[in-house]
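Hi,

Here is the structure I promised to hand over. Have a look at it first, and my notes on what turned up follow below.

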Amino acid sequence: MKILLVNPNTSAPMTASIATAAREVAAAGTEIVPVQPSFGPLSIEGHYDEAFAAAGVAEQVRLAAAWRPDAVVVACFGDPGLDAAREVVEAPVLGIAEAAFHAASFLATGFSVVTTMTRTCVIAERLVQRYGFERQCRGIHGTDIPVLELEHCAPATVDAIERAAAAALERDGSGAVVLGCAGMAPLCRALETRLGVPVVDGVAAAVKFAEGLAALGLRTSKRGDYAAPLPKRYTGWAAALGDSPSSGSE
Ligand code: 2AL
């Protein structure tokens with residue numbers, strides 16, 4: 001099966017490291033197809049960044065609809081453009097925050113999220129509420145590590161995430177850690193060894209859930225709001241993104 005892996009930011013090194021993390025857990029017959037938007041922010045660290053990232057995800061999923069991926073993974077912890085992507089394809093579409101919350105809730109009664117910039121905590125908090133994980137998510141903790149710093153995997157960065165996660169587990173009384181950025185994916189196993197509790201990377205979790213749903217033949221419901229976007233003309237820089245590939249107009 002072919003999984004479209006969308007990195008919603010435009011950092012090519014991050015797209016590559018997310019693809020490596022996805023391929024490490026993918027089944028032998030799974031092909032990971034990594035893409036990133038043709039425009040938008042190099043990293044997503046706030047609401048403004050996220051607005052453009054969501055459009056970038058919609059762009060990439062729309063382009064990929066032509067080759068009909070078996071599943072789609074949106075690999076940014078804010079799950080930007082997730083609902084839009086679900087309108088564009090029939091394949092299951094998984095966001096890494098939603099996938100990570102589900103995975104962590106199978107492993108512990110309470111989990112703590114450790115993320116990048118403190119200002120992004122509200123984005124994760126709103127997703128926790130939206131997905132209904134208020135009872136399982138015991139805390140969301142910023143480290144103020146910029147997203148692009150994760151490209152280097154410096155030992156000091158890993159140490160800082162470990163310290164923040166250890167403090168979060170203690171303060172929240174939780175049993176598992178959710179990594180709050182796709183850029184943290186390569187650090188998952190090392191952090192799990194050091195912390196001695198389950199550490200969930202949403203990229204890996206989303207890939208495995210995506211494989212499972214696709215293998216079960218389950219598709220996104222086209223009844224109601226996830227139906228294909230209504231065909232219409234888009235204007236300005238988004239002119240090429242209007243109309244739906246599944247509307248029969250192409
Ligand atoms: C993210 C992420 O996963 N990728 C990105 O650019 N920003 N989220 C985050 N909270 O740092």
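In this predicted model, a polar side-chain atom of Thr115 sits 3.1 Å from a nitrogen atom of the ligand. For Thr116, a polar side-chain atom is 2.6 Å from an oxygen atom of the ligand. Ala182 takes part through its backbone instead: one of its N or O atoms there lies 2.9 Å from a ligand oxygen. Of the 300 Å² of accessible area that the ligand has on its own, the protein covers 96%.

Those three residues belong to a wider group around the ligand, which also includes Asn9, Ser43, Ile44, Cys76 and Phe77. By class, this shell has 6 nonpolar and 6 polar residues, and no charged ones. Domain 1 (2-95 + 205-249) and domain 2 (97-203) each supply at least three residues of the shell.

Now for the space itself. The count gives 1 cavity of 30 Å³ or more, and the largest cavity is the space that the ligand takes up. Its volume is about 190 Å³. The lining of the largest cavity is made up of 20 residues, and Ile44, Cys76, Phe77, Gly78 and Gly180 are the ones nearest its centre. By class, the lining splits into 10 nonpolar, 8 polar and 2 charged residues.

Where does the largest cavity lie with respect to domain 1 (2-95 + 205-249) and domain 2 (97-203)? Both domains give residues to its lining, so the cavity lies between them.

Happy browsing, and do write back with any questions.

Best wishes

Note on methods. Residues are numbered from 1 along each chain as its sequence is written. This is a predicted model: local features need pLDDT of at least 70, side-chain atom pairs count only at pLDDT 80 or more; totals for chains, interfaces and linings use all residues. Side-chain values use heavy atoms; hydrogens and water are left out. A residue is near a molecule or strand if one of its heavy atoms lies within 4 Å of it. A polar contact is a pair of N or O atoms within 3.5 Å; within protein, one must be able to donate a hydrogen and the other to accept it, and residues adjacent in sequence count only if both atoms are side-chain atoms. Accessible areas come from the Shrake-Rupley method with a 1.4 Å probe; for residues, only the protein chains shown count as cover. On a 1 Å grid over the protein atoms alone, a cavity is a set of points where a 1.4 Å probe fits but cannot get out, and a pocket is an open set with protein on both sides within 12 Å along at least five of seven lines; lining residues have an atom within 4 Å of a point. A molecule sits in a cavity or pocket if more than half of its atoms lie within 2 Å of its grid points. Ala, Val, Leu, Ile, Met, Phe, Trp, Tyr, Cys and Pro count as nonpolar, Asp, Glu, Lys and Arg as charged, and the others, Gly among them, as polar. Domain bounds come from an automatic or database domain assignment. Grid points are joined across faces, edges and corners, and a volume is the space filled by probe spheres set on the points.
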